[in-house]
Amino acid sequence: MKRAIPVVVLSIAGLVPVWLYQPSAATSTVQATTPAPSTSSSGTSGTNVVKTTTIDTEKGPVQLQVTFAGTKITAVKMLQQPNHPQTTAAVPKLIAETLEAQSADIDTVSGATITSDAYKESLQAAIDDNAKTASASPSASASEASSQTVDGSALSTEKGPVQVQVTFAGTKITAVKMLQQPNHPQTTAAVPVLVAETLEAQSADIDTVSGATITSDAYKESLQAAIDARG
């Protein structure tokens with residue numbers, strides 16, 4: 001039996017009233033460390049993984065690891081983040097918005113302004129770094145051109161419809177996008193976890209997210225359908 005990944009903390013943290021987070025006006029700006037180059041490494045199928053410079057804020061350090069397939073953002077991982085309930089609740093929202101917008105032009109999460117601003121600054125640095133790498137590597141463009149996008153089956157659940165769209169570079173899963181998902185807090189928290197697990201496992205053999213079993217099962221079924229339909 002697959003182990004369940006707890007996301008109860010995420011869900012509870014998302015319900016903590018905003019008034020519990022009260023940074024003073026005089027200390028609401030983000031303090032950046034001395035600029036240093038981001039580090040990047042090229043992977044297979046034209047992927048590029050960029051680790052950004054750490055940004056120190058009054059709430060704690062912020063550092064990202066961003067994975068690209070050509071110029072497409074396929075995954076974002078927090079390497080460092082403030083140990084704060086509002087940050088814990090904000091991070092999945094920031095990552096989901098990033099994967100949808102494919103840029104750092106995303107909304108600030110209410111109640112986590114400092115973390116949001118540092119996240120966006122760090123993300124933009126990663127995008128700029130990847131652009132330099134991509135321009136120097138013609139193979140990245142060729143890989144991106146050979147990518148294939150497949151829609152998984154649309155499934156109706158008691159919580160709402162679930163459908164995924166999967167992008168492949170050859171046989172490698174480079175991105176997963178939710179075309180349909182239940183409008184439910186547990187689903188919102190679970191989706192980034194499911195997508196991250198998929199990109200790591202490169203299959204539908206991933207864990208069910210605790211508290212979002214129905215959505216997890218439908219996600220995996222739709223994902224497997226997309227993998228099977230890949231030409």
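**Helix α6, the nonpolar cores and the sheet around β4**

In the predicted model, the buried residues of helix α6 are Thr215, Ser216, Ala218, Tyr219, Lys220, Ser222, Leu223, Ala226 and Ile227. An α-helix has 3.6 residues a turn, so residues three or four places apart point the same way. The elements that cover the buried residues of α6 include the strands β6 (147–151), β7 (155–157), β8 (160–169) and β9 (172–180), together with the helix α5 (185–201). Helix α6 itself comprises 17 residues, 213–229. At 1.5 Å a residue a span of 24 Å is expected, and the end C-alpha atoms lie 24 Å apart, so the two values agree.

Two residues of α6, Tyr219 and Leu223, are among the members of the largest nonpolar core that touch the most other members. Val164, Val166, Ile173 and Val176 also belong to that group, and the core as a whole holds 24 residues. Two or more residues of this core come from each of β8, β9, α5 and α6. Helix α5 supplies the largest share, with six residues. The contacts of Tyr219, leaving aside residues up to four places away in sequence, are with Val162, Val164, Val176, Met178, Leu194, Val195, Thr198 and Ile206. A second core, separate from the one just described, consists of 22 residues, among them Ile55, Val91, Ala104 and Ile127.

Ile55 also takes part in strand pairing, as the bridge partner of Val62 in β4. Strand β4 spans residues 60–69 and is mostly covered, with nine of its ten residues buried. Three strands pair with β4, and they are taken here in turn. Strand β2 (residues 47–51) runs antiparallel to β4 and is joined to it by five bridges. Within this pairing, Thr47 has Ala69 of β4 as its bridge partner.

Strand β3 (residues 55–57) is likewise antiparallel to β4, with three bridges between the two strands. β3 and β4 form a hairpin in which two residues lie between the strands.

On the pairing of β4 with β5 (residues 72–80), seven bridges are found, and these strands too run antiparallel. Val66 stands opposite Val76 of β5. β4 and β5 form a hairpin as well, again with two residues between the strands. Gly70, in the turn of this hairpin, has a positive phi of about 70 degrees.

How values were computed
Residues are numbered from 1 along each chain as its sequence is written. This is a predicted model: local features need pLDDT of at least 70, side-chain atom pairs count only at pLDDT 80 or more; totals for chains, interfaces and linings use all residues. Side-chain values use heavy atoms; hydrogens and water are left out. Helices (H or I, at least four residues) and strands (E, at least two) are DSSP runs, numbered from the N terminus. The expected span of a helix is 1.5 Å times one less than its number of residues. Buried means under 20% relative accessible area, exposed over 50%, partly exposed in between (1.4 Å probe, protein chains only). Contact means heavy atoms within 4.5 Å. A nonpolar core is a set of buried Ala, Val, Leu, Ile, Met, Phe, Trp, Tyr and Cys residues joined through side-chain atoms within 4.5 Å. Two strands pair if DSSP finds at least two bridges between them.
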